[in-house]
Amino acid sequence: MSNKKQLSSGLTFYVKFIMPTIFLGLLLLMALFGFISGTPTGGIAGLFGTGILGFVFYLLFMRLNSVKMDERNFYISNFRRTEELSISDLIEVSTGHFINAQRIWLTFRTDEPLNKSFLFMPYFSLEAIFSTHPTVKELSSIVEKNSDMKH
């Protein structure tokens, strides 16, 4: 049995499920107290804020996955099911910065009409503050190797 290397942050579950639940729960409580206090404007504002923040949390965090890899495969989990994808099918690594958290997209070649893309948040690295995250460098070298093998 091979050792799996964790590429995603250990905080992924917390950021994906716990943090949004706390924030949205507090906003819903504020909305409830607004309705109970007899000022429906406060309750409506709380519900509106909950909807906006819920949408932002969905865009930023709900698509995060836990990502592990070994010598042959990536193991990508959304905490409900895990997909096993071959390292040789990795065709693109892209990244984006959001405040202090870097997010990485992995795109895999598939037989389906659309390629599969997965989003994850890597572990924190001081090196990544002013340059490319070490995980992006490692994954980009795999993409280069895969493209060289195809040509």
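Colleague: Which residues touch the most other members of the largest nonpolar core?

Modeller: In this predicted model, the largest nonpolar core has 18 residues. Those in touch with the most other members are Phe-74, Leu-90, Val-93, Leu-106, Phe-108 and Leu-139.

Colleague: Which element gives the most to this core?

Modeller: S2, S3, strand S5 (90-98), S6, S7 and helix H3 (134-150) each supply at least two of the core residues. With four residues, the element that gives the most is H3.

Colleague: With which residues is Leu-106 in contact, leaving aside neighbours within four places in sequence?

Modeller: Leu-106 belongs to the group that touches the most other core members. Its contacts beyond four places in sequence include Glu-92, Lys-116 and Ser-117. The others are Val-67, Phe-74, Leu-90, Val-93, Phe-118, Phe-120 and Leu-139.

Colleague: How many residues make up the second, separate core?

Modeller: Val-15, Phe-57, Leu-60 and Phe-61 are among the members of this second core. It is separate, and the number of its residues is eight.

Colleague: In what order do the strands of the open sheet lie?

Modeller: Strand S2 (residues 66-69) and S3 run antiparallel and are joined by four bridges. S3 also pairs with strand S4 (residues 82-86) in the antiparallel sense, over five bridges. At the edges are strand S1 (5-6) and S4, each of which pairs on one side only. The order of the four strands is therefore S1-S2-S3-S4.

Colleague: Is strand S3 largely enclosed or open to the surroundings, and why?

Modeller: Asn-73, Tyr-75 and Ser-77 point one way from S3, while Phe-74 and Ile-76 point the other way, and all are buried. Since five of the five residues of strand S3 (residues 73-77) are buried, the strand is largely enclosed by the rest of the structure.

Colleague: Which residue in S3 is the bridge partner of Ser-66?

Modeller: S2 and S3 form a hairpin with three residues between them. Across the two strands, Val-67 stands opposite Ile-76. For Ser-66, the bridge partner in S3 is Ser-77.

Colleague: Which residue takes a positive phi in the hairpin of S3 and S4?

Modeller: Asn-73 of S3 stands opposite Ser-86 in S4. The hairpin of these strands has four residues between them, and a positive phi near 75° is found at Phe-79.

Colleague: What is the area of the nonpolar surface patch that includes Phe-79?

Modeller: Among the other members of this patch are Leu-11, Phe-13, Tyr-14 and Ile-36. Ile-36 lies in helix H1 (residues 12-36), and at 60% relative accessibility it counts as exposed. In soluble globular proteins, nonpolar side chains tend to be buried together. The patch, by contrast, lies on the surface, with an area of about 1100 Å².

Colleague: How many residues apart in sequence are the parts tied together by Glu-138 and Lys-5?

Modeller: Glu-138 forms a salt bridge with Lys-5, with the closest N and O atoms 2.7 Å apart. Because Glu-138 lies in helix H3 and Lys-5 in strand S1, the pair ties together parts whose separation in sequence is 133 residues.

Colleague: Which residues are linked in the network of salt bridges?

Modeller: The whole structure holds four salt bridges. One of them joins Glu-83 and Arg-81 at 3.6 Å, N to O. Glu-83 is buried at 16% relative accessible area, whereas Arg-81 is exposed at 53%. The network links Arg-81, Glu-83 and Lys-116.

Key:
Residues numbered from 1 in each chain as written. Predicted model: local features only at pLDDT ≥ 70, side-chain atom pairs only at ≥ 80, totals over all residues. Heavy atoms only, no water. Patch = residues over 30% accessible without salt bridge, like charges linked within 9 Å, V, L, I, M, F, W, Y side chains within 5 Å. Areas by Shrake-Rupley, 256 points an atom, 1.4 Å probe, with all protein chains shown as cover. Salt bridge = Lys/Arg side-chain N within 4 Å of Asp/Glu carboxyl O. Buried < 20%, exposed > 50% of the residue type's maximum accessible area, 1.4 Å probe, protein only. Pairing = 2+ DSSP bridges. Core = buried A, V, L, I, M, F, W, Y, C linked by side-chain atoms within 4.5 Å. Contact = heavy atoms within 4.5 Å.
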